[in-house]
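I have one structure to go through today. Two topics: how the chains are related, and then one strand and its neighbours.

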2 protein chains.
Amino acid sequence: MTDLAAIDTPAVLIDIDRVETNLARVQAYADQHGLALRPHIKTHKLPIFAHRAIALGAVGITVQKLGEAEIMVQAGITDIFLPYNIVGDEKLARLRVLNDTATLAVTADSATIVAGLSATFATAEKPLRVLVECDTGMGRCGVQSPAQAVTLAEQIATAPGLVFDGVMTYPAAGGVEANAAWLTAVRDALIAAGLPPRIISNGGTPDLWRAHEVTAATEHRPGTYIYLDRFQVSKNVGSVADCALTVLATVVSRPTENRAIIDAGSKSLTSDTLGLVGFGFIPTYPEAVITSLSEEHGTIDLTNCSTKPAIGDKLRIIPNHACVVSNLFDTVNLISGDQLVERVSVAARGRVD
Amino acid sequence: MTDLAAIDTPAVLIDIDRVETNLARVQAYADQHGLALRPHIKTHKLPIFAHRAIALGAVGITVQKLGEAEIMVQAGITDIFLPYNIVGDEKLARLRVLNDTATLAVTADSATIVAGLSATFATAEKPLRVLVECDTGMGRCGVQSPAQAVTLAEQIATAPGLVFDGVMTYPAAGGVEANAAWLTAVRDALIAAGLPPRIISNGGTPDLWRAHEVTAATEHRPGTYIYLDRFQVSKNVGSVADCALTVLATVVSRPTENRAIIDAGSKSLTSDTLGLVGFGFIPTYPEAVITSLSEEHGTIDLTNCSTKPAIGDKLRIIPNHACVVSNLFDTVNLISGDQLVERVSVAARGRVD
């Protein structure tokens, strides 16, 4: 095994012991509350961690892109939820191939999407399972009311080639009560309409530890929980010591007493702030502030640091948002303690469509 | 040739006619003012455009990463400036190999960097050309005064294996006067010290059309000028009609009268705002505002639009910052008018170190 100091920078380090703890802790929580766990692999894009989550008890995985689904099927994952409106002939054709191989479900939030899915799957041997996406407060995709959800569920249920299989939401962070009320209302409305939803799928890491309060939900789809990040720590989902993904960077310049420049910029850490001040947290220099990022430079203000790093020092940075960092690196370094275990290719990185 | 409507989304489109116009226009400006042009390839990461810029008169290219330099050398580019402090044994070894193959120069902004370079190149047959990086207002890397620049130039000039070849800056946008005064002062100080700088290298696209006002500069290193983007248009570097890079996205949801959701989020458009409101500009719907991005969703407010796109419609979006978008896609689509000419691999994408 290699010492971390030998890893060239910038690089992504994944602490596999922390990954294991994070996966197991959330699986135990889901088990305790009778919630099926369906982790979102957009965070890591690695088959190895998809398999590990399933081995620990997850019912399957969630993906956000057809390309991610294809990679995961190739890697032997068989139960996949793609909570996205699939539009266009090319994507629909790929979806049909995928449905022949995997236990697959998608979402729809309009009659237009349902019509496109049905036109493709009407002639298929195996029908496609479809969940109605509900906008329970996020303000993104989704039907706007339980009544609209019932109407769309009826359209799915009667559409050739499709099976209505439930409802899904990605809720607004902090909106637990509204989300819970919405999902209870839509469940009751669907039952009343004779279309009881088999699956009620809730999502997200920020309110993960309150998932059991959304009593109508049958499953949860957290993503970032596997790595955590500075944003999730700010939401008290876990602690700095739980964060499994760090960006290793080297100090390349100390132009002034209080300024350090590192070789990680927006092409490594991303510009995501998620409302936070600064672009990451450095546990070994907790008072340091990453004040700005150029593409290949990060600027750190050391004013409040009692000791200051020197040129050549390597720093481990917890990024604001782990999921977008994974998407920037072709390979990541799996580590245990301060030892490199294995470099792995980020198999589903760049699967943009 | 294929119609653009056949391209699956999200995808990057590069209008090669606009690229040609942008390259030629800036080369003509540089020629007119006797400035050497050394385009920064971080924006596109494509050998084809590096070669085209050189064919039009550029003296060579600029890169920001060793990995980018290696890809460009493999593609036959011979004159490369890497304006970065190279730190660490592994990178220094790669740099030595690169210097054997190419006409190469790097920067240094401290004695520590100079010592590392000299330790590596003292035993090399061919010395390494080094420019002193100057912080003329950007607040990033660079020596803090012309006097410091002279001291460092003397260290480079006497260091085994190194050749002092001039000074370099990446200036603050809008800081033309301060930058010009700084570079004049450092030139005069170096001449007075008996170390006349062969190269005085200025950079950036935002103040490109004022590059001739920086009279001490001998060369300019613009990057984004090849594509332009919403930020550069806001700085009046060019018009919307000059923007060569667009992200093609599909409307996948119209959950409300005034909301559209597209299949391009922060993993396609990036979270870079560069101080702008919103995450891109849609020429066909100029009143539309891309209000927020999730990883794989973009949310558009259509309130002020007289006509509104439907599910399945494809939109071409000018991103806030073209350079970071190039870094997210493995391939880009070269187009002419509304026809696809060729798909090309983004050769230097993901070359993070």
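A definition to start with: copies are superposed here by least squares on the C-alpha atoms of residues with pLDDT of at least 70 in both. The pLDDT comes in because this is a predicted model.

In general, two copies of a chain are related by a rotation about an axis and a shift along it. Here, chain A goes onto chain B by a rotation of 180° with a shift of 0.0 Å along the axis, and the RMSD is 0.0 Å. The two copies are therefore related as by a two-fold rotation axis. Which C-alpha of chain A is nearest the axis? That of Ser271(A), at 2.8 Å. Both copies use the same surface, since 100% of the contact residues of chain A recur in chain B.

Now the strand, within chain A. Strand S8 of chain A covers residues 162–168, and 6 of its 7 residues are buried, so the rest of the structure largely encloses it. Buried means that 20 or more other C-beta atoms lie within 10 Å of the residue's own.

What does S8(A) pair with? One partner is strand S7 of chain A, residues 128–133; the pairing is parallel, over 6 bridges. Within it, Val132(A) has Val167(A) of S8(A) as its bridge partner. Helix H6 of chain A, residues 146–158, joins S7(A) and S8(A) in a β-α-β unit, and that unit is right-handed.

S8(A) also pairs with strand S9 of chain A, residues 199–203, again in the parallel sense, over 3 bridges. There, Gly166(A) has Ile199(A) of S9(A) as its bridge partner.

Terms used:
Residues numbered from 1 in each chain as written. Chains lettered and ligands numbered in written order. Predicted model: local features only at pLDDT ≥ 70, side-chain atom pairs only at ≥ 80, totals over all residues. Buried ≥ 20, exposed ≤ 12 C-beta atoms within 10 Å, placed from the backbone. Helix = DSSP H or I, 4+ residues; strand = E, 2+ residues; numbered from the N terminus. Pairing = 2+ DSSP bridges. Right-handed = clockwise from strand over helix to strand, strands pointing away. Contact = placed C-beta atoms within 7 Å.
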